[in-house]
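This report describes the surroundings of a bound ligand, as seen in the structure shown below.

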Amino acid sequence: MDLWLKEGQIEDAVMTYKIKQTLITKKTEHQDLAIVDTYSFGKMLVLDGIVQTTIKDEYVYHEMITHIPLFTHPDPKRVLVVGGGDGGAVREILKHPTVKEVVLCEIDREVIDECKKYLPEISCALENPKCEIFIGDGIKYVHEHKNSFDVVIVDSTDPFGAAEGLFGGSFYKEIYECLTENGIFVAQTETPFYLPEVVRGVYRDAKSVFPVTKLFMAGIPTYPSGFWSFTLGSKKYDPQKVDLSSTVDINTKYYTKELHKACFVLPKFVEDLTK
Ligand code: SAM
């Protein structure tokens, strides 16, 4: 019998994946969680019917959400990840030798536990002694930690449910306060094809808070449209002007120094969302 996963983020357009094996499905306190093995993208984490990460393309998202801010900041020591319970962002952050501590603030402990069990390729760094795991709401955590992190990464689910408050001006003000003097923030901010108003709103809200605000893009096949945006807010450093000639070499599959600059060059219809 053929079993198919129908990805459900966008109501009127779906991607489907033929399932090889269902590894786990459960209801957590916060969401429906599934980890399935698929023929086309390998194992994938699915929350409330929405694909979060897959073995085949996770590196694009995790490298871009981390290395862009971490190579823009000259000396990132303390990093906060809000969400990100699969551990992929933490794995990439810990490739940076300057980093002394990463705090992962994830609302759903079961995402972490199941990813440790079924997706060790992605979650492998969660046991690293430099990684501290805090189970709780990122909004509260950010509010309670002023002037504490050099980089804050919002690696969240889409803007509804528990993640709704992670998108918008009041949260970005809190992140500004949570960052140290020259800190940088990055968030995953959806697709300009299906959700242009989210992209526009996030950019506008971030720009009202951060002196340097930039949008960058990456190609992520399992996210709706495959064309994904990230928004960066910085107190001082401009990711397009940073000198990358003497940065350490780290092992990546998507990120390169050339792409660090090129990903900020936007197609016209996306650039228009930033005006
Ligand atoms: N790469 C993914 C994407 O864009 O589809 C995000 C992956 S990560 C698994 C997202 C995590 O954010 C989920 O595990 C979810 O539980 C967590 N999350 C959602 N709202 C949160 C909140 N308010 N505080 C902390 N974590 C939150």
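## Location of the ligand

Which pocket is the space taken by the ligand? In this predicted model, the ligand takes up the space of the largest pocket. Three elements each give two or more residues to the shell around the ligand: strand E4 (42-47), strand E5 (50-54) and strand E7 (101-106).

The shell also draws on two domains, with at least three residues from each of domain 1 (3-54) and domain 2 (58-274).

## Composition of the shell

The ligand is surrounded by 25 residues, of which Gln31, Glu106, Asp137, Gly138 and Tyr223 are the closest. Sorted by class, the shell comprises 11 nonpolar, 9 polar and 5 charged residues.

## Polar contacts and coverage

Nitrogen atoms of the ligand are approached by both backbone and side-chain atoms. A backbone N or O atom of Ala162 lies 3.0 Å from a ligand nitrogen atom, and for Ile107 the corresponding distance from a backbone N or O atom is 3.2 Å. Tyr61 contributes a polar side-chain atom, located 3.4 Å from a nitrogen atom of the ligand.

On its own, the ligand has 600 Å² of accessible area, and the protein covers 99% of this area.

Conventions:
Residues are numbered from 1 along each chain as its sequence is written. This is a predicted model: local features need pLDDT of at least 70, side-chain atom pairs count only at pLDDT 80 or more; totals for chains, interfaces and linings use all residues. Side-chain values use heavy atoms; hydrogens and water are left out. A residue is near a molecule or strand if one of its heavy atoms lies within 4 Å of it. A polar contact is a pair of N or O atoms within 3.5 Å; within protein, one must be able to donate a hydrogen and the other to accept it, and residues adjacent in sequence count only if both atoms are side-chain atoms. Accessible areas come from the Shrake-Rupley method with a 1.4 Å probe; for residues, only the protein chains shown count as cover. On a 1 Å grid over the protein atoms alone, a cavity is a set of points where a 1.4 Å probe fits but cannot get out, and a pocket is an open set with protein on both sides within 12 Å along at least five of seven lines; lining residues have an atom within 4 Å of a point. A molecule sits in a cavity or pocket if more than half of its atoms lie within 2 Å of its grid points. Helices (H or I, at least four residues) and strands (E, at least two) are DSSP runs, numbered from the N terminus. Ala, Val, Leu, Ile, Met, Phe, Trp, Tyr, Cys and Pro count as nonpolar, Asp, Glu, Lys and Arg as charged, and the others, Gly among them, as polar. Domain bounds come from an automatic or database domain assignment.
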